[in-house]
Amino acid sequence: MNARRLPARNDELLAAAVSAFAARGYFGTTTAQVAAEMGVSQPYVIQAFGSKRELFLRAHAHAGARIVAAFRAAGRDGFDPARLGAAYMRLVRTDLSAVLVHAHAFSAAPAEPAIAEEARRLFREITAAVRASGATVPETAAFLSRGMLINNLLLMDAAGSSEDADVLAVVAAILGPTAPTAPTAPTVPTRPPTEAGPR
């Protein structure tokens, strides 16, 4: 990732970018939409981050740091899948956008090698955090498999879009009875074509 000098409120801007990308994913989000979420102009976004790809990479890393921190904190007293799982679900309920941006990277990865590498980097960090708690390789694999399932259920909004009682019961067993639902895409004002700039 290119290093650019960013303002002191960098964390606020990246948090806004995470929110924008969480709603539509990498391919469905424009820099104009991210700028609107940030409350800045599109030229400012390009000047500060260089490109939509670079901005997504930074937003993904920003979101991923929260996931890794949650696992490290929960694993300080040893591996307990219930405790680590509860930490992840707290993150899902308090910062769903971070989890969704992490998951959106998977769908962008086949077409964007830089995003694929960033997704692999974060997977390595998450794996290391779980292993550092004392989890064996099979325990780590089982725990992360459940986490990937949770991500997919969130992406498809399984808790909020199904009327099938069996499906809802299974989703509730995985996510909990008060399962979060995926955010809807925000309404972003349309900008004139001359201000559209790079996507």
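1. A contact here means that heavy atoms lie within 4.5 Å. Counting those between residues at least 6 apart in the sequence, 71% join residues at least 24 apart in the protein chain. Keep in mind while reading that this is a predicted model.

2. Start with the overall layout. You'll find 11 helices and 0 strands in the protein chain, so if you read along the sequence you meet the pattern α-α-α-α-α-α-α-α-α-α-α. The protein chain has 199 residues, and 45% of them count as buried.

3. A word on confidence before going further. The pLDDT averages 85 over the protein chain, with 84% of the residues scoring at least 70. Helix α7 has the highest confidence, at 97, while helix α11 (residues 193-196) has the lowest, at a mean of 38. Two stretches deserve some caution. Residues 1-8 have a pLDDT below 50, and beyond near neighbours in sequence they make 17 contacts in the model. Residues 186-199 stay under 50 too, and the model has 23 contacts for them beyond four places in sequence.

4. Now look at α7 itself, which runs over residues 113-132. With 20 residues at 1.5 Å a residue, α7 should span 28 Å, and its end C-alpha atoms are indeed 28 Å apart, so the two agree. Its buried residues are I115, A116, E118, A119, L122, I126, A129 and V130. They take up an arc of only 160° around the axis, which means they sit on the same side of α7. For background, an α-helix has 3.6 residues a turn, so residues three or four places apart point the same way.

5. What covers that buried side? The buried residues of α7 are covered by elements that include α4 (52-74), α5 (81-94), α6 (96-108) and α8 (137-155). On the face turned away from the buried side, α7 carries the exposed residues P113 and A132. After α7 comes G134, which has a positive phi, near 110°.

6. Next is α6, which has 13 residues. From first C-alpha to last, α6 reaches 19 Å, close to the 18 Å expected at 1.5 Å a residue. How much of α6 is buried? The count is 11 of its 13 residues, so α6 is largely enclosed by the rest of the structure. Among the buried ones are L96, V99, L100, V101, H102 and H104. The buried residues of α6 pack against α1 (10-24), α4, α5, α7 and α8.

7. Have a look at the largest pocket as well. About 250 Å³ of space lies in it. Its lining is made up of 17 residues, and F71, Y88, F143, R146 and G147 lie nearest its centre. Which helix gives the most to this lining? That is α8, with 7 residues. Helices α4, α5, α7 and α8 each supply at least two residues of the lining.

8. One last residue to find in the viewer is A141, which has its place in helix α8. Is A141 buried, partly exposed or exposed? Its relative accessibility is 41%, so A141 counts as partly exposed; the band for that label runs between 20% and 50%. Along the chain A141 is 10 residues from R131, and the C-alpha atoms of the two are separated by 9.9 Å.

Definitions and conventions. Residues are numbered from 1 along each chain as its sequence is written. This is a predicted model: local features need pLDDT of at least 70, side-chain atom pairs count only at pLDDT 80 or more; totals for chains, interfaces and linings use all residues. Side-chain values use heavy atoms; hydrogens and water are left out. Helices (H or I, at least four residues) and strands (E, at least two) are DSSP runs, numbered from the N terminus. The expected span of a helix is 1.5 Å times one less than its number of residues. Buried means under 20% relative accessible area, exposed over 50%, partly exposed in between (1.4 Å probe, protein chains only). The arc is that of the directions from the helix axis to the C-beta atoms. pLDDT is the predictor's confidence in each residue, from 0 to 100. On a 1 Å grid over the protein atoms alone, a cavity is a set of points where a 1.4 Å probe fits but cannot get out, and a pocket is an open set with protein on both sides within 12 Å along at least five of seven lines; lining residues have an atom within 4 Å of a point. Grid points are joined across faces, edges and corners, and a volume is the space filled by probe spheres set on the points.
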